[in-house]
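User: I'm new to this structure and would like a close look at a single part of it. Could you pick one strand, tell me how it sits among its neighbours, and then work outward to the rest of the chain?

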Amino acid sequence: MSLVDLPRYQLHRAATLEELCQLVYDRVSNSEPVALLAGGTDLMVELGRAASPPDPLPLVVDISCMDELRAIEWDGTRISIGAAVTYLEMQRHPVIAERAPLIARMARDVGGPTIQARGTLGGNLATASPAADGVAALAALDANVLVRSARGARRIPMAKLQTGYKQSTRAPEEIIVAIEFVAPAPDSPWLWRKIGPRLAQAISKVALAAVAELEGGKVTRLGLALASVAPVTALLDHTRALLSRGDLAALDGQALDDAVESDISPIDDLRSTRAYRLHCAKVLVRSFARDLGASV
Ligand SMILES: Cc1cc2nc3c(=O)[nH]c(=O)nc-3n(C[C@H](O)[C@H](O)[C@H](O)COP(=O)(O)OP(=O)(O)OC[C@H]3O[C@@H](n4cnc5c(N)ncnc54)[C@H](O)[C@@H]3O)c2cc1C
């Protein structure tokens with residue numbers, strides 16, 4: 001598709017979330033294509049990649065300005081980020097900066113400034129790429145995704161969202177409304193590290209999102225998520241179990257490496273090799289383990 005095809009697309013805006021849910025539900029039920037447009041940074045690439053415009057053309061529904069999808073809320077325990085909040089807005093929000101610095105830091109690493117000014121978590125989660133930075137950060141925070149359709153609303157835990165490469169448990173008629181998580185205790189250790197060919201505009205070779213809470217040197221909350229090392233974001237079950245077991249000072253570095261290796265299945269592709277990804281994953285996890293008090 002080229003830019004000259006753009007005028008052929010019909011663009012729609014819904015007045016309310018309820019109207020949006022009904023519109024999408026009706027179109028999906030009638031097998032009529034519909035595409036939500038938030039920042040457009042994935043959608044436009046997807047449409048542009050096709051050799052010719054889809055037939056029939058989807059109705060494009062712009063959700064970027066919908067108030068119901070644009071709030072950041074904080075009740076003293078939980079943070080809720082609207083699906084259409086941009087990465088730039090996340091970086092600049094005081095509650096996110098103070099109580100979820102992992103999100104603020106991740107948002108600074110997504111693409112470059114133009115992508116950050118338009119891109120949203122809703123779009124990141126809907127595309128559900130194994131390289132998605134937002135998915136990894138939200139998985140480490142054990143977030144829930146609030147989705148809504150004309151049939152009702154439900155919460156999908158991040159651990160249950162992705163089912164395969166760019167596949168998710170979200171039904172086509174379900175709109176992502178917001179993402180919610182319990183904010184880590186103030187000053188909890190966290191790490192966001194993205195390894196790629198250059199800082200801006202590059203999809204990661206490997207990225208680690210990590211957050212923990214400690215009490216008396218023991219891990220009481222731990223979220224780890226690695227992007228780009230498996231068909232879905234890797235949640236590192238064995239590694240988390242090992243780090244949560246107790247005596248961090250006695251943790252064996254080789255056992256930690258082995259746990260990481262058993263948790264991921266990186267591949268060779270044009271961005272990197274399996275061996276390099278494996279190496280990076282182990283180095284990043286060891287780095288966070290040291291932040292927690294391990295001598296590895
Ligand atoms: C140059 C470039 C660099 C990039 N760099 C990165 C990067 O570093 N890290 C990274 O993770 N990603 C990156 N991306 C991918 C993209 O920017 C992100 O995935 C972004 O979060 C997508 O959000 P969006 O609002 O632009 O989504 P859109 O393109 O508007 O939508 C993407 C898909 O999600 C659907 N959708 C959008 N919102 C909702 C909703 N609320 N409910 C249900 N479905 C919805 C749309 O219909 C569409 O199918 C990059 C993209 C480009 C072009």
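Analyst: Let's start with β10, a strand that is mostly covered, with six of its eight residues buried. Keep in mind as you look around that this is a predicted model.

What does β10 pair with? On one hand there is strand β5 (residues 78-82), which runs antiparallel to β10 and is joined to it by five bridges. On the other hand there is strand β6 (residues 144-149), also antiparallel to β10 and also joined by five bridges. A handy residue to find in the picture is I179 in β10. I81 has I179 as its bridge partner, and V145 has I179 as its bridge partner too. As background, strands of a sheet pair through backbone hydrogen bonds, either parallel or antiparallel.

β10 also has a part in holding the ligand. β10 (175-182) is one of the elements that each supply at least two residues of the shell around the ligand, along with β2 (34-37), α2 (43-49), α6 (113-118), α7 (121-127) and α8 (133-140). The biggest giver is α7, with five residues in that shell. There are 30 residues around the ligand, and the ones that come nearest are A38, G39, G122, G123 and A126. Sorted by class, the shell has 15 nonpolar, 12 polar and three charged residues.

Now zoom out a step to the domains. The assignment splits the chain into domain 1 (3-62), domain 2 (67-182) and domain 3 (190-291). The shell around the ligand draws at least three residues from each of domain 1 and domain 2. The centres of those two domains, taken over C-alpha atoms, are 21 Å apart. Where they touch, 12 residues of domain 1 are in contact with 17 residues of domain 2. On the domain 1 side of that meeting, you'll find seven nonpolar, four polar and one charged residues.

β2, another of the elements that supply the shell, belongs to a sheet of its own. That sheet is open, has three strands in the order β1-β3-β2, and its pairing is parallel. Its edge strands are β1 (11-12) and β2, each of which pairs on one side only. β2 runs parallel to strand β3 (residues 59-62), and four bridges join the two. To find that pairing by eye, look for V34, which stands opposite L59 in β3.

Next, have a look at helix α5 (residues 101-109). Is this helix enclosed or open? Seven of its nine residues are buried, so α5 is largely enclosed by the rest of the structure. The buried ones are L102, I103, A104, R105, M106, A107 and D109. What do they pack against? Their partners are α3 (87-92), α4 (94-99), α6, α8, β11 (190-195) and β12. Two of those partners, α6 and α8, also supply residues to the shell around the ligand. After α5 comes G111, whose phi is positive, near 50°.

From α5 you can follow its partner β12 to a hairpin. Strand β12 (residues 206-215) and strand β13 (residues 218-227) pair in the antiparallel sense over nine bridges. One facing pair there is A212, opposite L222 in β13. Two residues lie between the strands of the hairpin, and G216 in that turn has a positive phi of about 55°.

A131 makes a nice last stop. Where is it? A131 sits in the loop between α7 and α8. Buried or exposed? With 19 other C-beta atoms within 10 Å, A131 is partly exposed, because a buried residue would need 20 or more. Setting aside neighbours within four places in sequence, A131 is in contact with I203, S204, A227 and S228. Compare that with V296, whose C-alpha atom is 27 Å from that of A131, the two being 165 residues apart along the chain.

Finally, here is the chain as a whole. It has 11 helices and 13 strands. Its radius of gyration is 20 Å, close to the 19 Å that the globule rule gives for 296 residues, so the chain is as compact as a globular protein of that length. Its C-alpha atoms fill a box of roughly 65 × 45 × 35 Å along the principal axes. Buried residues make up 40% of the 296. And of the contacts between residues at least 6 apart in sequence, 65% join residues at least 24 apart.

Key. Residues numbered from 1 in each chain as written. Predicted model: local features only at pLDDT ≥ 70, side-chain atom pairs only at ≥ 80, totals over all residues. Near = placed C-beta within 6 Å. Nonpolar A, V, L, I, M, F, W, Y, C, P; charged D, E, K, R; others polar. Domains from an automatic or database assignment. Pairing = 2+ DSSP bridges. Buried ≥ 20, exposed ≤ 12 C-beta atoms within 10 Å, placed from the backbone. Contact = placed C-beta atoms within 7 Å. Rg over C-alpha atoms; globule rule 2.2 N^0.38 Å.
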